[in-house]
Every structure is written in structure tokens, then in C-alpha cells.
Amino acid sequence: MVFSRYIPHIMKTRFHVPHIQILQCRYCLVQWPREWPRDASFKADFWRIYYHPESDVALRGHSGQVVIPAGRLALIPPQSNYVSDMTNGFRQFYIHFISSRPYADYPPGIYIMPCEMPESMMIGELMALLEDSPEVLPVTAGMRIMSLILRLLLKLPEHSGAPISRAAEETRLYIDKNFQRNLSNTELARRVGMATNSFARLFRGEMGMTVQHYIRQQRTRQAALLLRYSTHSLSEIAEMCGFGNRYYFTRVFTADKGLPPAEFRRQAKIQF
């Protein structure tokens, strides 16, 4: 009976924890391919964590050259446009991941931060595991990676993003989970109890794009991840992401990414 008195208080406490999806974690020697253009952009739809145990690494972003000193960490949000200024090979530990809001639309840039003792220990353990068995890691490795990601995100300057209404947020979340379906404005407006035209104006005003543009964007982003990290064929990816057929997929993807899917996949395999 005494314990039950605390339940209402606990139930009133609401927490928002970002959803994190780990895409890749590697420790390797990076060699710049001879055929790779020197001005190739590393802009991507996911977060990157870089750590270089032995040498400084130079990147060039929109504000000029940024050097990641050896032994420090770099956290790079999605849509950050930068190129490599390196000509020699170097050893690199890196993590690719995606996150939900408020980190899904964090301002682009290259954020350099110290590698403190807890991060250094986790990275050292992960590098040892990746050198021994890079393809099969224990469950504890995933927990270390997740802990490292969360620790570094907490070190970033707080960014809440532009406030959006409940209707727009619920719609965005629904689209993120159902982008492969044929979603109409009418169906989405009905879900949040709004007239179609009013809903469309609200969404565009708050999200900066039309509903259908946002759906295409999410399909293209998921397709880019599948091209990079899976062996599915273009036809399979087109179907999985709701494009219908590979020809429409190729047209939309090329318009958005500036490269046809097959060339994007080839270049993505080289990037790190």
C-alpha cells in the first residue's frame, strides 16, 4: 500500500529519449583511392563519429579547413558538407548512426571535442574487438557503442530545433514509419483531425516542404542507407522504399542526390 502512493507521481513524469540506430562501426586503415576525385563530398544522411589514434586528419568544410587532432573526437551531423584534405593513409575508428529529434536536424558542422577517460576506454576496447573480429561483435560492444554515442551527443550545445505543432509532429513520425506506403494528404489529415487543405498548409509552413516532398525525402534517405549498407538490388530497394519500380526510383533518387543509385552505391562503398 505504501508503494502504491508513489505510482501516480512516477506515471506523471515523462521522458523523451532519442531513438538511435547504429549503422556501422569500423577501425581500419584509410587509403585514398587513386581514382577518387579530390573534391568528393562526404555529405550524408547520418551522423559520423571520428577518432584517429595516431595522426591528425584534415577535413575541409564550408568555413575552411578543420583539423581533427590525434586523440580527439569529431562528431559530424547529417547534411554536413565537407571533403578530405588528406593525401596519406591513416588509421581511423568511426561510427555511423542516425538519431530521431532533436538530433535529426542538428546544425551541420564538424564538432571537435576532447576524448576523456570514459570515452578513451570504450574506444580502446572497441578497437581491440574490431581488430580481432570486425564482423562478429558481442552484445556488450553494441552497448559500448550506444553509450559512446549518447555521451558525445550530450556534449553538444543544446539544440531543440524549431517548435512544431502536435499535428505536424505526429504526421512526421507516422511518415517516418510508413513511408513505403502510398500515403495521401487526405489520409494523413484525417489522422490528425484536420481538413486536407488546412493540414497541407500547416505542414508546409512548419516543416519547410510539402507533405509529399517529405515522403519522397524519407524514401530517398532510406534508399541511400540500403545502397550503402545492404546488398539488395535496385529493384528490391525501389520496392522496399515505396517507389514502385526502379525507373521511377532512379529518376527521383538522381534528382535528389545528384547521382544515379548505382553510382551512388559505388562511391558509398569507398567513403568512410
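Which residues does Gln65 touch, not counting residues up to four places away in sequence? In this predicted model, the answer is a short list made up of Ala58, Leu59, Arg60 and Asp85. Gln65 itself belongs to strand β4, which runs over residues 64-68, and with a relative accessibility of 52% it counts as exposed, because the cut-off for that class is over 50%. One of its contacts, Asp85, stands 20 residues away along the chain, and the C-alpha atoms of Gln65 and Asp85 are separated by 7.9 Å.

From this single residue one can step back to the chain as a whole. Its secondary structure comes to 10 helices and 8 strands, and its C-alpha atoms fill a box of roughly 65 × 60 × 40 Å when taken along the principal axes. The chain has 272 residues, of which 41% count as buried. When contacts between residues at least 6 apart in sequence are considered, 73% of them join residues at least 24 apart. The accessible surface amounts to about 15100 Å², and carbon and sulfur atoms account for 54% of that surface. As for charge, there are 33 positive and 23 negative side chains in the chain, with the centres of the two sets lying 7 Å apart.

Helix α2 shows how burial can be arranged along one element. This helix, residues 117-132, has 16 residues and reaches 23 Å from its first C-alpha to its last, which is close to the 22 Å expected at 1.5 Å a residue. Its buried residues are Glu119, Met122, Ile123, Leu126, Met127 and Leu130. These residues lie on the same side of α2, because they cover an arc of only 135° around the axis. The general geometry helps here: an α-helix has 3.6 residues a turn, so residues three or four places apart point the same way. The other side of α2 carries Met117, Glu131 and Asp132, which are exposed. As to what the buried residues of α2 pack against, the partners are the strands β1 (20-30), β2 (47-51), β5 (73-76) and β7 (90-99), together with helix α3 (139-155).

Further along the chain, Phe179 is placed in the loop between α4 (166-178) and α5. Phe179 has a relative accessible area of 10% and is therefore buried, since the cut-off for that class is under 20%. Leaving aside neighbours within four places in sequence, Phe179 is in contact with Ile215, Gln218, Arg219, Gln222 and Cys241. The C-alpha atoms of Phe179 and Gly244, which are 65 residues apart along the chain, are separated by 12 Å.

Helix α5, which spans residues 185-191, includes Arg191, and this residue counts as partly exposed because its relative accessibility is 42%. Between the C-alpha atoms of Arg191 and Tyr247 the separation is 31 Å, with their positions 56 residues apart along the chain.

Tyr247 leads to helix α9, where it is exposed along with Arg251 and Ala255. Helix α9, residues 246-257, has 12 residues and reaches 15 Å from its first C-alpha to its last, close to the 16 Å expected at 1.5 Å a residue. Which residues of α9 are buried? They are Phe249, Val252 and Phe253, and they are on the same side of α9 because they cover an arc of only 100° around the axis. Tyr247, Arg251 and Ala255 are on the other side of this helix.

Technical notes:
Residues are numbered from 1 along each chain as its sequence is written. This is a predicted model: local features need pLDDT of at least 70, side-chain atom pairs count only at pLDDT 80 or more; totals for chains, interfaces and linings use all residues. Side-chain values use heavy atoms; hydrogens and water are left out. Helices (H or I, at least four residues) and strands (E, at least two) are DSSP runs, numbered from the N terminus. Buried means under 20% relative accessible area, exposed over 50%, partly exposed in between (1.4 Å probe, protein chains only). Contact means heavy atoms within 4.5 Å. Accessible areas come from the Shrake-Rupley method with a 1.4 Å probe; for residues, only the protein chains shown count as cover. Lys and Arg count as positive and Asp and Glu as negative; His and the chain ends are not counted. The place of a charge is taken as NZ of Lys, CZ of Arg, CG of Asp or CD of Glu. The expected span of a helix is 1.5 Å times one less than its number of residues. The arc is that of the directions from the helix axis to the C-beta atoms.
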